[in-house]
Amino acid sequence: MGTCQAKLLPSGTSGVINMPSAYVRSMGQVALTYQYTDDYNVIGGNVAVIPGVEIAYSRWSPDKGEDFNMYSAKYMIVPETVASPAIAVGIEDATDEKDRSAYAVVSKAGPWGLKIHAGTGTGRFRDGFIGLEKQFKVNSKTLNLGLAAEYDGDNFNYGMFVPVGKMMQVEAGMRDEKFY
């Protein structure tokens, strides 16, 4: 089924709200995003170029500042199994236009639609990060309501997301103490 599952960070990388997960897209899958907050607009996306590797691009348009590009990548070292978590490493803003940040992250799906993610790294990830996601079935076999909460190393973020068709989802919440 072609339903939306992974959310995109402002960097274009797949993740929770403002922190990456260890999951990557399947080979050949593409995702696009447009995000609006009070401080910036972002358009971006990612693609799985080879198995376990996701590359991402985003174009930031801050309200008070010059536009900039962000190039990112993520490699899933170990896929998730019933007994073990997925493990990935990645880099955001590889060209260092704002704040190059490398990271390592683990993700594990549990019972009842619960997922946990945790990691650490450099740059914006230097203080570590942790996040939880929970999916709920809403009146249908394919419509899922998702809730997410995370600490991204700097702020506590939370949000909700719901598919609006097979290939699109809408998200809303608080990121970096601002509505998105």
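**The main core.** Start with the largest nonpolar core of this predicted model. It has 15 residues. Select Val16, Ile17, Ala22, Tyr103, Val105, Phe129 and Ala148, the members that touch the most other members. Now colour strands E7 (86-92) and E8 (101-109): each of them supplies at least two residues of this core.

**A second core.** Move to Tyr40, Val42, Phe68 and Met70. They are among the five residues of another core, separate from the one you have just left. Keep Tyr40 and Phe68 selected and add Trp60: these three form one aromatic cluster.

**Ala148 and its strand.** Go back to Ala148 and show what surrounds it. Setting aside neighbours within four places in sequence, Ala148 contacts Val16 and Ile17, then Leu132 and Glu133, and finally Asn157, Tyr158, Gly159 and Phe161. Next, select the whole of strand E11, residues 144-151. Which residues make up its covered face? Asn144, Gly146, Ala148 and Glu150 do. Turn to the uncovered face to find Leu145, Leu147, Ala149 and Tyr151.

**The partners of E11.** Add strand E10, residues 129-137. E10 and E11 run antiparallel and are joined by eight bridges. To check the register, label Gln135 and Gly146 of E11, which stand opposite each other. Then add strand E12, residues 156-163. E12 also pairs with E11 in the antiparallel sense, here over six bridges. For the register on this side, label Glu150, which stands opposite Asn157 in E12. Follow the chain through the hairpin of E11 and E12, where four residues lie between the strands. Stop at Gly153: its phi is positive, near 95°.

**Aromatic pairs.** Show the rings throughout the structure. How many aromatic pairs does a search of the whole structure find? There are six. Zoom to Tyr57 and Tyr71. Their ring centres are 5.3 Å apart and their planes meet at 50°, so this pair is tilted. Tyr57 belongs to strand E5 (residues 53-62) and Tyr71 to strand E6 (residues 68-78), so the pair ties together parts that are 14 residues apart in sequence. Switch on the surface. Tyr57 counts as partly exposed, at 32% relative accessibility. Tyr71 is also partly exposed, at 38%.

Now select Phe156 and Tyr158. This aromatic pair is tilted, with 6.2 Å from centre to centre and 40° between the planes. Are the two residues buried or exposed? Phe156 counts as exposed, at 52% relative accessibility. Tyr158 is partly exposed, with a relative accessible area of 43%.

**Charges over rings.** Two more stops involve rings. At the first, Lys134 lies over the face of Phe136, 4.7 Å from the ring centre. At the second, Arg175 lies over the face of Tyr180, 4.3 Å from the ring centre. Keep Arg175 on screen for the last stop.

**Gln35.** Finish in strand E3, residues 30-36, where Gln35 is found. At 7% relative accessibility, Gln35 counts as buried, because that value is under 20%. Display its side chain together with that of Thr33: a polar contact of 3.3 Å joins the two. Then show the contacts of Gln35, leaving aside neighbours within four places in sequence. Leu8, Leu9 and Pro10 are there, as are Tyr40, Asn41 and Val42. Arg175 is on the list too. Two of these contacts take you back to earlier stops: Tyr40 and Val42 are in the second core, and Arg175 is the residue over Tyr180.

Terms used
Residues numbered from 1 in each chain as written. Predicted model: local features only at pLDDT ≥ 70, side-chain atom pairs only at ≥ 80, totals over all residues. Heavy atoms only, no water. Core = buried A, V, L, I, M, F, W, Y, C linked by side-chain atoms within 4.5 Å. Buried < 20%, exposed > 50% of the residue type's maximum accessible area, 1.4 Å probe, protein only. Contact = heavy atoms within 4.5 Å. Pairing = 2+ DSSP bridges. Phe/Tyr/Trp six-rings, centres within 6.5 Å; stacked < 30°, edge-to-face > 60°. Lys NZ or Arg CZ within 6 Å of the ring centre and 35° of its normal. Polar contact = N/O pair within 3.5 Å; in protein donor to acceptor, adjacent residues only side chain to side chain.
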